[in-house]
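Here are a few friendly notes to read alongside the model. Take the points in order and keep the 3D view open as you go.

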Amino acid sequence: MAVLLIAAGCSSTTDGDAVADATSSGAATTTTSAPTPWDPCTIPDEAIERAGLNVDTKESGVFGRDQFGFKICGWENQATPESKYYVRIFVGFQTIDWISDTSRFDRLEPVQIGARAATQFQQVASDSSLDCGVAFTAGTELVMATLNTSALVDRTIYDPCTEVNEIVARLDSELPT
């Protein structure tokens, strides 16, 4: 009866991740981590405040998790409860065609935000009087910003598309180019 014994250990990669390798052969194996998108949570608090958002409400991800390969960060505005909204910035390696997915987005419209050519959009089944989004490419990354009005607000005192476009314009110098 033959017994096969395989010993495994860990070795470190260049970015600090441990990977299993077969120590019986003596060869070390390394992996290369996939690139990660730029993290919008690195936007300085001063810029967030200038954009009219509340730095104390910063949330990394959506309920703490990134989605669809996007790095996500969000903040609430600094308004009263009757005009409360949430702004999230998503950054991923998708192309602008990603928002052409009609199962997720509709009402696509070209807009200009400062010097950036962008596409304004609505999430499918969202109320355009309460929610809006805008997207543009920056190098190899897709940058999207969404504004979602609080469920406790019946009627807005602002146009959500104008508001999200103005916030993105105020944050422009902090966003990838």
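1. What percentage of the 177 residues in the chain do buried residues make up? The figure is 42%. Keep in mind that this is a predicted model, with buried meaning under 20% relative accessible area.

2. Next, try tracing the chain. You should find two helices and nine strands. Starting at the N terminus, the order of the elements is β-β-α-β-β-β-β-β-β-β-α. In that order, a run of seven strands sits between the two helices.

3. Now for contacts. Take those between residues at least 6 apart in sequence: 46% of them join residues at least 24 apart.

4. The outside deserves a look too. The chain has an accessible surface of about 10100 Å², and carbon and sulfur atoms account for 53% of that area.

5. Then turn to the largest pocket, whose volume is about 230 Å³. Its lining consists of 13 residues. To find the centre of the pocket, look for Q67, F68, F90, F105 and Q123, the lining residues that lie nearest to it.

6. Which strand gives the largest share of this lining? That is β9, with three residues. Both β5 (85–92) and β9 (141–149) supply at least two residues each.

7. Finally, consider the chemistry of the lining of the largest pocket. Seven of the residues there are nonpolar, four are polar and two are charged. Try colouring them by these three classes in your viewer.

Methods: Residues numbered from 1 in each chain as written. Predicted model: local features only at pLDDT ≥ 70, side-chain atom pairs only at ≥ 80, totals over all residues. Heavy atoms only, no water. 1 Å grid on protein atoms, 1.4 Å probe; cavity = no way out; pocket = protein on both sides within 12 Å on 5 of 7 lines; lining within 4 Å. Points joined across faces, edges and corners; volume = space filled by probe spheres on them. Helix = DSSP H or I, 4+ residues; strand = E, 2+ residues; numbered from the N terminus. Nonpolar A, V, L, I, M, F, W, Y, C, P; charged D, E, K, R; others polar. Buried < 20%, exposed > 50% of the residue type's maximum accessible area, 1.4 Å probe, protein only. Contact = heavy atoms within 4.5 Å. Areas by Shrake-Rupley, 256 points an atom, 1.4 Å probe, with all protein chains shown as cover.
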